[in-house]
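Me: Please take a close look at a single strand in this model, and at the parts of the chain that surround it. I would like one connected account rather than a list.

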Amino acid sequence: MPEVIFTGPAGRLEGRYQPSKEKSAPIAIVLHPHPQFGGTMNNKIVYDLFYMFQKRDFTTLRFNFRGIGRSQGEFDHGTGELSDAAAALDWVQSLHPDSKSCWVAGYSFGSWIGMQLLMRRPEIEGFISIAPQPNTYDFSFLAPCPSSGLIIHGDADKVAPPKDVQALVDKLHTQKGITITQKTLPGANHFFANDADLLLQECADYLDRRLAGELSDPRPKRLR
């Protein structure tokens, strides 16, 4: 798994990158939790998601947001981190011009950034949002949410209370043309202590079903 350095809006960004052998393989970007609360690309859940996509022959990238590890810059309360994510996708796409589709997966803070990236990039056709925090971050930009995806969280999450996540899911369920799949893990907290294996299994099962053509509405491709 190559270590990579690529150019971001605030300087270099550090990542881990695994290209597929297939030139037209889909791309997956995995986004880590909050930089000021210990989030890095080496978070176990981020690491596991990276390999989940890589095993399914995606061209896969995880990276450190600005100010983390060897990535330059300073924490920017989400605005700069969204620019980092866009630059990361640009960088992978520059190496894989034949790739037509992309997925984004994010955990906690990373899920908020990932959902914003989804709104900006029509080639993103699926998402996995782990423990999003609609009680902390504004998700009203999902108007409408353009792609089908998975929202997965624990019913013992005190950082992102289940009632707030449920309100977000209920809002997205009213939108036509997409299918939002929700999974709630019994007893799981925000950090999925003792539940990381089950979390990964649920994410992998969802991805496999999507790759088999399930759990999404046929939709016209958005224009870039």
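Reply: A residue is called buried here when its relative accessible area is under 20%. By that cut-off, strand β5, residues 102-107 of this predicted model, is mostly covered, with 6 of its 6 residues buried. The side chains alternate along the strand: Cys102, Val104 and Gly106 point one way, while Trp103, Ala105 and Tyr107 point the other way, and all are buried.

Strand β5 has a parallel partner in β3, residues 27-31, to which it is joined by 5 bridges. Within this pairing, isoleucine 29 stands opposite valine 104 of β5. Strand β6, residues 124-130, also runs parallel to β5, and here 6 bridges make the connection. In that second pairing, alanine 105 has isoleucine 128 of β6 as its bridge partner. To get from β5 to β6 the chain passes through helix α3, residues 109-120, and the resulting β-α-β crossover is right-handed.

Serine 108 sits in the loop between β5 and α3. Its phi is near 60°, a positive value in a residue other than glycine. Serine 108 counts as buried because its relative accessible area is 6%, below the cut-off of 20%. Serine 108 is also among the residues closest to the centre of the largest pocket, together with Pro33, Phe37, His190 and Phe191, out of 17 that line it. That pocket has a volume of about 280 Å³, and its lining divides into 8 nonpolar, 8 polar and 1 charged residues.

On the other side of the crossover, the loop between β6 and β7 holds alanine 131, which has a positive phi of about 50° although it is not a glycine. Alanine 131 counts as buried because its relative accessibility is 0%. The same loop, between β6 and β7 (149-154), contains proline 144, and a cis peptide bond with omega of about -5° joins alanine 143 to this proline.

Ile130, a residue of β6, belongs to the lining of the largest cavity, along with Ile45, Asp48, Leu49, Ala196, Leu199, Leu200 and Cys203. The elements that give two or more residues to this lining are α1 (44-55) and α5 (196-211), and α5 gives the most, with 4 residues. The volume of the largest cavity is about 50 Å³, and a search of the whole structure finds 1 cavity of 30 Å³ or more. By class, 7 of the lining residues are nonpolar, none is polar and 1 is charged.

Finally, the UniProt record, in an unreviewed entry, places the feature "domain: AB hydrolase-1" at residues 35-136, a range in which β5 at residues 102-107 falls. The end C-alpha atoms of that span lie 15 Å apart, and the span is 40% helix and 18% strand. A further UniProt annotation, likewise from an unreviewed entry, is "domain: Peptidase S9 prolyl oligopeptidase catalytic" at residues 149-208. For residues 149-208 the end C-alpha atoms are 12 Å apart, with 42% helix and 20% strand.

How values were computed. Residues numbered from 1 in each chain as written. Predicted model: local features only at pLDDT ≥ 70, side-chain atom pairs only at ≥ 80, totals over all residues. Heavy atoms only, no water. UniProt positions renumbered as here; feature names shortened; annotations may be inferred. 1 Å grid on protein atoms, 1.4 Å probe; cavity = no way out; pocket = protein on both sides within 12 Å on 5 of 7 lines; lining within 4 Å. Points joined across faces, edges and corners; volume = space filled by probe spheres on them. Nonpolar A, V, L, I, M, F, W, Y, C, P; charged D, E, K, R; others polar. Buried < 20%, exposed > 50% of the residue type's maximum accessible area, 1.4 Å probe, protein only. Pairing = 2+ DSSP bridges. Right-handed = clockwise from strand over helix to strand, strands pointing away.
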